[in-house]
Amino acid sequence: MSGQTFDVVVIGAGPVGEVAAERAAKGGLEVALVEHERFGGECSYWACIPSKALLRPGNLLAAAKRVPGVVVGGELDAARVLARRDWFTGKGDDTGQVDWARGAGIEPVRGHGRITGEREVTVGEDRVLTARHAVIVCTGSVPRSPSVPGLDTIRPWGSREATSASEVPARLGVLGGGVVGVEMAQAWARLGAQVHLVITGERPLPKLPDFAGELVLEGLRADGVVVHASSGLREVSAVDGGGVSLQLSGGEEVEVDELLVATGRAPATGDLGLDGLGLPTDAPLAVDESGRVSAVDGGWLYGAGDVTGRALLTHQGKYAARVVGDSVAARARGEQISTAPWSRYSATADHHAVPQVVFTDPEVTSVGLTEAREGSADRVVDIDIAVAGSSLHADGYRGKARMVVDTERAVVLGVTFAGQDVAELLHSATIAVVGEVPLERLWHAVPAFPTISEVWLRLLESYGL
């Protein structure tokens, strides 16, 4: 057995682990970063980056077609789109990320890390890393597979296969109407696949306001996606000569070449040695606001990102990682830190202001609440996005905006936008929610004319200001 000692050992070198390690290193600590696959993690190679690289060309082409006078071709060059995606992912080469870690004063360690004792991580069979201060778990999440008869007899796509495929399937089935399902359904449809999307409800994106799912549903159908709403998979089976037969819950049969299962993700807590600490291996890692696992004596175990189950989004995980890295460094210096809401050592936004974007066409963005709180005096304001900026942006622009207001304090609790190219409106909404900007002051934030941001003025006017 070979052993090394560091101040901090981080398990998982995705964006979250990288940030946690970097913040701890900037705090003066000696840090080891352990990764069993690729440094850079899921987001860099199989999720956020490649999926947006696949979506952007189709969104741009559709946007150009909405403005008369712009001469564009009729379809995408799929080979060049896939080549551009491969450029962004480096075809899986993580050398740059490893070099970044070393340049940041972090020791990269390849191998599967398991917690084998107090402040102890064993990598592979015989390399033992001991942490003087903390072990930080940043292992992310894994796809959740539904119980569908026959699914174990085929090789379905998960999100990794959907974002890394080297060829466009002629026929693609997609199970699930969440973010991954709708984004990949539209991306591959615009690249030339015949896509069948199977969802259990009347519309996709069921966690968002109905108008968001309805607008995205229209966009998918406009791109030729066949949406099997209020349905599900009863059974799947392989077809002789290749392909997959999908038996839908309503009795319909659909044959596809590939099936993408996009039915959610679960925290990756298995095979980490958590059971040796008395922690469950099939549940999120429960942490306090500083990211510390209070159920473990000694206060040396921390977690950040998807593995905690708090907010399964890369940017939110990186936010939590900043909190965790700073908290570990401060406590290592012997400081007494405050985890009061909105303090430097508290991931408060996880509970009140989680921003997210669905990069379909139209886009959907939201932060904070999407509905009024039960039993409250909250007020919901819904309007069309119909301002000069949206009219100039695209002929026939259709969009919706929602603002949820705490009427007792006169502050914004949440905002949702659905429409073409609304993602860039999101950060202004996030600032309004996090800052609890009084509506009377927000009224003085004058939107530039003619931009889509003028929708903010219309929301406030509809509220009565």
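**Rings and charges, one by one**

Biologist: What makes Trp456 count as buried?
Modeller: Trp456 has a relative accessibility of 9%. Buried means under 20%, so Trp456 counts as buried. Keep in mind that this is a predicted model.

Biologist: And Phe417, why is that one called buried?
Modeller: Its relative accessible area is just 1%. That's under the 20% cut-off, so Phe417 is buried too.

Biologist: How many aromatic pairs are there?
Modeller: The count is 4 aromatic pairs. Among them is the pair of Trp157 and Trp188.

Biologist: Why is the pair of Trp157 and Trp188 called tilted?
Modeller: The ring centres are 5.9 Å apart, and the planes make an angle of 55°. The centres lie within 6.5 Å, so the rings pair; 55° is neither under 30 nor over 60, so the pair is tilted.

Biologist: What makes this a link between distant parts of the chain?
Modeller: Trp157 is in the loop between strand S7 and helix H6, while Trp188 is in helix H7, 31 residues apart. Both Trp157 and Trp188 are buried.

Biologist: Why is the pair of Phe417 and Trp456 edge-to-face?
Modeller: Their planes stand at 80°, which is over 60, so it's edge-to-face. The centres are 6.1 Å apart. Phe417 belongs to strand S21 and Trp456 to helix H14, so the pair ties together parts 39 residues apart in sequence.

Biologist: Where does the charged end of Arg160 sit?
Modeller: Over the ring of Trp46, 3.6 Å from its centre; the distance limit is 6 Å. Arg38 lies over the face of Tyr45, 5.3 Å from the ring centre.

Note on methods. Residues are numbered from 1 along each chain as its sequence is written. This is a predicted model: local features need pLDDT of at least 70, side-chain atom pairs count only at pLDDT 80 or more; totals for chains, interfaces and linings use all residues. Side-chain values use heavy atoms; hydrogens and water are left out. Rings of Phe, Tyr and Trp (its six-membered ring) pair if their centres lie within 6.5 Å; planes under 30 degrees apart count as stacked, over 60 as edge-to-face and the rest as tilted. Helices (H or I, at least four residues) and strands (E, at least two) are DSSP runs, numbered from the N terminus. Buried means under 20% relative accessible area, exposed over 50%, partly exposed in between (1.4 Å probe, protein chains only). A charge sits over a ring if NZ of Lys or CZ of Arg is within 6 Å of the ring centre and within 35 degrees of the ring normal.
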